[in-house]
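Student: I have a model open beside its sequence, and I would like to work through it with you strand by strand. Could we start with a single residue pair and build outward from there?

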Amino acid sequence: MVDADDDAVMISMDWKNPADNDFDMYVTDALGASFYEVAESPSRFEGDYFDNDSDTYYPADDGQYIVWYAPYIQEAADVPAEIYFTHPVTGAVDVVSFVSANGTAGWPPTPVATITKTTDADGKMSYEIAAF
């Protein structure tokens, strides 16, 4: 079990048939113009921490961010996938499920979820996750 980070959302993406499929994951600003997180590996999973205190942009501004996926390799079939968002401190997990349709192009990426960050008057950060 991974300890919940006190200031970052842990993001983990998994998909069906990893021997035949490889997906990448990105987090951008609400316009899709600035990349905050990039996860591109040949491994079974993609994962990252959003708004971790070791990130160069930390802390991220309050507002909405988009989570994208892009198939690097995809078999000739629809591929079910899920992204797990583990909240800081509480360890609560939100799950967004989606299907990468047969023939989905690798670029540009496809939006699948949003992260909305808010900071209260005491400086406590919170995150709301929603399917795109």
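Student: Which residue in β4 does Ser12 stand opposite?

Tutor: Before answering, note that this is a predicted model, in which local features need pLDDT of at least 70 and side-chain atom pairs count only at pLDDT 80 or more, while totals for chains, interfaces and linings use all residues. Residues are numbered from 1 along each chain as its sequence is written, and side-chain values use heavy atoms, with hydrogens and water left out. Strands here are DSSP runs of E with at least two residues, numbered from the N terminus, and two strands pair if DSSP finds at least two bridges between them. In β4, the residue that stands opposite Ser12 is Gly47.

Student: How many bridges join β1 to β4, and what is the bridge partner of Val9?

Tutor: β1 and β4 run antiparallel, and five bridges join them. Val9 also has its bridge partner in β4, and that residue is Phe50.

Student: On the side of β6, which residue stands opposite Met13, and how many bridges join β1 to β6?

Tutor: Met13 stands opposite Ile83 in β6. The strands β1 and β6 run antiparallel as well, and the number of bridges that join them is six.

Student: What is the strand order of the open sheet of four strands, and what is its average twist?

Tutor: The pairing in this open sheet is antiparallel, and the order reads β4-β1-β6-β7. Its edge strands are β4 and β7, each of which pairs on one side only. With axes taken as lines fitted to C-alpha atoms, and angles running from 0 to 180 degrees between N-to-C directions, the twist from one strand to the next averages 15°.

Student: How many of the seven residues of β1 are buried?

Tutor: Buried means under 20% relative accessible area, exposed means over 50%, and partly exposed lies in between, using a 1.4 Å probe and protein chains only. By that criterion β1 is mostly covered, and the number of its seven residues that are buried is five.

Student: What is the order of the open sheet of five strands, and which are its edge strands?

Tutor: This open sheet also has antiparallel pairing, with the order β3-β2-β5-β8-β9. The twist averages 20° from one strand to the next. Pairing on one side only, the edge strands are β3 and β9 (125-131).

Student: Which residue in β3 is the bridge partner of Thr28, and with which residues does that partner form a nonpolar patch?

Tutor: β2 and β3 run antiparallel and are joined by four bridges, and the bridge partner of Thr28 in β3 is Phe35. Phe35 is partly exposed, with a relative accessible area of 43%. A patch here is made of residues with over 30% relative accessible area and no salt bridge, nonpolar side chains being joined within 5 Å. The patch has about 330 Å² of accessible area together, and the residues that share it with Phe35 are Val38 and Trp107.

Student: Which proline follows Trp107 through a cis peptide bond, and where is the other cis bond, with omega near -10°?

Tutor: The peptide bond from Trp107 to Pro108 is cis, with omega near 5°, and Pro108 lies in the loop between β7 (93-100) and β8 (110-119). Pro59 lies in the loop between β4 (46-50) and β5 (63-73). The cis bond with omega near -10° runs from Tyr58 to Pro59.

Student: Is Ala60 buried or exposed, and which residues does Ala60 touch?

Tutor: Ala60 is found in the loop between β4 and β5, and it is buried, with a relative accessible area of 4%. The C-alpha atoms of Ala60 and Phe50 are separated by 8.6 Å, although the two are 10 residues apart along the chain. Taking contact as heavy atoms within 4.5 Å, and not counting residues up to four places away in sequence, Ala60 touches Phe50, Asp51, Tyr65 and Lys117.

Student: What is the phi of Asn17, and what is the phi of Val89?

Tutor: Asn17, in the loop between β1 (9-15) and β2 (22-29), is partly exposed at a relative accessible area of 32%. Val89, in the loop between β6 (79-86) and β7, is exposed at 61%. Neither residue is a glycine, yet phi is positive in each: about 55° for Asn17 and near 70° for Val89.

How values were computed
Patch = residues over 30% accessible without salt bridge, like charges linked within 9 Å, V, L, I, M, F, W, Y side chains within 5 Å. Areas by Shrake-Rupley, 256 points an atom, 1.4 Å probe, with all protein chains shown as cover. Salt bridge = Lys/Arg side-chain N within 4 Å of Asp/Glu carboxyl O.
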